[in-house]
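Me: I'm new to this one and would like a close look at a single part of it. Could you pick one strand and walk me through what surrounds it?

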Amino acid sequence: YIGKMIMKPFDGIAFKGTVLEYVAGDPSKGDSDDARDRWLVEYRDGDSEDVFLDELKEMMKLADEAGGDEDKGTGITRKRRLTVAEGYKDKKVMKPFDTDMFGGVVIDYRPAGESEVESDEKVDLWTVRYEDGDEEDVELDELQEMIELHEGSEGNKERAWKILNGRK
């Protein structure tokens with residue numbers, strides 16, 4: 001399973017990641033969790049955790065249904081895709097524009113192929129409305145980064161800048 005893409009929802013937000021490592025269980029530990037085999041997964045935001053096989057399989061299944069790393073949507077039912085994607089509505093976000101930091105909220109979702117923008121690439125888009133009234137459409141990876149920045153900074157603009165400066 002090492003190298004496989006995974007996806008796991010946290011508070012209605014689906015985070016993508018990768019299986020990094022297999023950790024063999026120690027049978028001498030009896031019925032404890034240490035006796036069970038587990039896998040180390042790392043999410044794109046840098047967080048990681050050990051998961052057991054049953055949870056790992058669910059995480060790989062969700063990633064496959066969502067189209068894996070490229071999120072092309074192969075194999076996912078429209079209903080399930082919409083349920084996951086619409087879970088982002090009303091989420092608060094934060095994004096830097098030049099020297100200003102703006103808070104905003106996700107107000108809409110448009111599935112791949114239903115965008116008014118002409119493009120060879122069909123991707124899901126979420127509409128974000130910022131505090132100054134401007135709106136923009138963003139793809140999933142950018143949306144997740146914006147949500148993570150808001151959550152990590154607890155909506156505080158100065159703290160958001162410190163987080164961004166710490167990533168460089």
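Reply: Here is a tour of one strand, β7, and its surroundings, with a short look at the rest of the chain.

A word of caution before we start: this is a predicted model. Its mean pLDDT is 81, and 81% of the residues reach 70 or more. One stretch to treat with care is residues 68–77, where pLDDT stays under 50. The model has 24 contacts there beyond four places in sequence.

Now for the overall layout. The protein has four helices and eight strands. Reading from the N terminus, the elements go β-β-β-β-α-α-β-β-β-β-α-α. Of the 168 residues, 38% count as buried.

So where does β7 sit? It covers residues 125–130, and five of its six residues are buried, so the rest of the structure largely encloses it. Let's see what does the enclosing, beginning with the sheet.

β7 belongs to an open sheet of four strands, ordered β5-β6-β7-β8, with antiparallel pairing. The edges are β5 (92–97) and β8, each of which pairs on one side only. Neighbouring strands here are turned by 40° against each other on average, if you ignore direction.

Take the β6 side to begin with. Strand β6 (residues 100–110) is joined to β7 by six bridges, and the two run antiparallel. Across this pairing, Y109 stands opposite W126.

On the β8 side, four bridges link β7 to β8 (residues 135–138), again in antiparallel fashion. W126 turns up here too, with V138 as its bridge partner in β8. A bit further along, R129 stands opposite E135 of β8. β7 and β8 form a hairpin with four residues between them. One residue in that turn, G133, has a positive phi of about 95°.

Next comes a helix. α3 (residues 140–153) lies across β5, β6, β7 and β8, and it runs at about 100° to β5. A good residue to click on is L143. Leaving aside residues up to four places away in sequence, L143 touches Y88, V93, V106, W126, V128 and V138.

That leads us to the core. In soluble globular proteins, nonpolar side chains tend to be buried together. In this model the largest nonpolar core has 29 residues, and those touching the most other members are I6, V41, L56, Y88, W126, V128 and L143. Two or more residues come from each of β1 (5–10), β2 (13–23), β3 (38–43), α1 (53–65), β6, β7 and α3. The top contributor is α1, which gives five residues. Apart from this core lies another, made of five residues, including M94, M101, A160 and L164.

Several of those contributors come from elsewhere in the chain, and here is how they are arranged. β1, β2, β3 and β4 form an open sheet in that order, with antiparallel pairing. Its edge strands are β1 and β4 (48–51), each pairing on one side only. The twist from one strand to the next averages 40°. α1 packs on this sheet and touches β1, β2, β3 and β4, while its direction makes about 100° with that of β1. For a closer view of one pairing, look at β3 and β4, which pair in the antiparallel sense over four bridges. There, L40 has D50 of β4 as its bridge partner.

How much of the contact pattern links residues far along the chain? Residues 24 or more positions apart make up 41% of the contacts with a separation of 6 or more.

Finally, here are two loop residues on either side of β5, for contrast with the enclosed strand we began with. D90 is in the loop between α2 (78–86) and β5, and its phi is near 75°, a positive value in a residue other than glycine. Its relative accessibility is 64%, so D90 counts as exposed. D98 is in the loop between β5 and β6. D98 isn't a glycine either, yet its phi is positive, at about 55°. With 78% relative accessibility, D98 also counts as exposed.

To come back to β7: it is largely enclosed, with five of six residues buried. It has β6 on one side and β8 on the other, and α3 lies across it. If you want one residue to keep in view, try W126: it stands opposite Y109, has V138 as its partner in β8, and is touched by L143.

Notes: Residues are numbered from 1 along each chain as its sequence is written. This is a predicted model: local features need pLDDT of at least 70, side-chain atom pairs count only at pLDDT 80 or more; totals for chains, interfaces and linings use all residues. Side-chain values use heavy atoms; hydrogens and water are left out. Buried means under 20% relative accessible area, exposed over 50%, partly exposed in between (1.4 Å probe, protein chains only). Two strands pair if DSSP finds at least two bridges between them. Axes are lines fitted to C-alpha atoms, for helices over the stretch in contact, and angles run from 0 to 180 degrees between N-to-C directions. Contact means heavy atoms within 4.5 Å. pLDDT is the predictor's confidence in each residue, from 0 to 100. A nonpolar core is a set of buried Ala, Val, Leu, Ile, Met, Phe, Trp, Tyr and Cys residues joined through side-chain atoms within 4.5 Å.
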